[in-house]
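This report describes a single protein chain, from its overall make-up to a group of charged side chains. The sequence and the model come first.

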Amino acid sequence: MGYGVGIAIREKLLEAGERGVVVADLFKDMKSKETSATYQSFSRYCWLLKKLGFIEPTGEMEIAWTGTDWGKNPSLAKRVYYRMTPKGREAPIYELSLIHI
């Protein structure tokens, strides 16, 4: 993933404010313009941001729905919203940009 992905994630999360953003939605939004990464590498990048204390779950979750031949069914996975932490908001942009997978 390129250096601009960390900056783009930061901007999207700051724009979302306290409500936060679901990683899958963030990936869909960025897929067409910012990155050619797979969802697996993108979610790992977000996991690293969480481990470093730059992002955190908001506590809000939704049921994830999967489409099947029989209609939509709830998935076992939950859609978790994430927001920037104070540490993430105050971090120099280069710290978010230098993380590589």
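A salt bridge here is a side-chain nitrogen of Lys or Arg within 4 Å of a carboxyl oxygen of Asp or Glu. By that criterion Arg-83 forms a salt bridge with Glu-18, with the closest N and O atoms 3.2 Å apart. Arg-83 lies in strand 3 and Glu-18 in the loop between helix 1 and strand 1, so this pair ties together parts that are 65 residues apart in sequence. The model is a predicted one.

## Overall make-up

The protein chain contains five helices and three strands. Read from the N terminus, the elements follow the order α-β-α-α-β-β-α-α. Of the 101 residues in the chain, 35% are buried. The accessible surface of the chain is about 6300 Å², and carbon and sulfur atoms account for 56% of that surface.

Contacts between residues at least 6 apart in sequence were also sorted by separation: 65% of them join residues at least 24 apart.

## Helix 1 and the nonpolar core

Helix 1 spans residues 4-16, which is 13 residues. From its first C-alpha to its last, helix 1 reaches 18 Å, close to the 18 Å expected at 1.5 Å a residue. Its buried residues are Val-5, Gly-6, Ala-8, Ile-9, Arg-10 and Leu-13. Gly-17 follows the helix and has a positive phi, near 70°.

The largest nonpolar core has 19 residues. Ile-9, Met-30, Phe-42, Leu-49 and Ile-55 have the most contacts inside this core. Helix 1, helix 2 (23-31), helix 3 (39-51) and strand 3 (71-84) each supply at least two residues of the core. In soluble globular proteins, nonpolar side chains tend to be buried together.

## Salt bridges around Arg-83

The structure holds six salt bridges. Side chains of opposite charge can pair when their charged atoms come close. Besides its bridge to Glu-18, Arg-83 forms a salt bridge with Glu-56, where the closest N and O atoms are 2.9 Å apart. This second pair links Arg-83 in strand 3 to Glu-56 in strand 2, 27 residues apart. Glu-18, Glu-56 and Arg-83 are thus linked in a network of salt bridges.

How buried or exposed are the members of this network? Arg-83 has a relative accessible area of 17% and therefore counts as buried, given the limit of under 20%. Glu-18 is exposed, at 53%, and Glu-56 is partly exposed, at 28%. Leaving out residues up to four places away in sequence, Arg-83 touches residues that include Leu-13, Gly-17, Phe-54, Ile-55 and Thr-58.

## Arg-19, Glu-60 and Thr-58

Arg-19 forms a salt bridge with Glu-60, with the closest N and O atoms 3.2 Å apart. The pair links distant parts of the chain, Arg-19 being in the loop between helix 1 and strand 1 and Glu-60 in strand 2, 41 residues apart. Arg-19 is partly exposed, at 44% relative accessibility, and Glu-60 is also partly exposed, with a relative accessible area of 31%.

Thr-58 lies in strand 2 (residues 55-68). A polar atom of the Thr-58 side chain is 3.1 Å from the backbone nitrogen of Glu-60. Outside its neighbours up to four places away in sequence, Thr-58 touches Glu-18, Arg-19, Gly-20, Tyr-81, Tyr-82 and Arg-83.

## Lys-87

Lys-87 is in helix 4 (residues 86-90) and counts as partly exposed, at 47% relative accessibility. Beyond four places in sequence, Lys-87 is in contact with Leu-52, Gly-53 and Phe-54. The C-alpha atoms of Lys-87 and Gly-53 are 6.7 Å apart, although the two residues are 34 residues apart in sequence.

Conventions:
Residues are numbered from 1 along each chain as its sequence is written. This is a predicted model: local features need pLDDT of at least 70, side-chain atom pairs count only at pLDDT 80 or more; totals for chains, interfaces and linings use all residues. Side-chain values use heavy atoms; hydrogens and water are left out. Helices (H or I, at least four residues) and strands (E, at least two) are DSSP runs, numbered from the N terminus. A polar contact is a pair of N or O atoms within 3.5 Å; within protein, one must be able to donate a hydrogen and the other to accept it, and residues adjacent in sequence count only if both atoms are side-chain atoms. Contact means heavy atoms within 4.5 Å. The expected span of a helix is 1.5 Å times one less than its number of residues. Buried means under 20% relative accessible area, exposed over 50%, partly exposed in between (1.4 Å probe, protein chains only). Accessible areas come from the Shrake-Rupley method with a 1.4 Å probe; for residues, only the protein chains shown count as cover. A nonpolar core is a set of buried Ala, Val, Leu, Ile, Met, Phe, Trp, Tyr and Cys residues joined through side-chain atoms within 4.5 Å.
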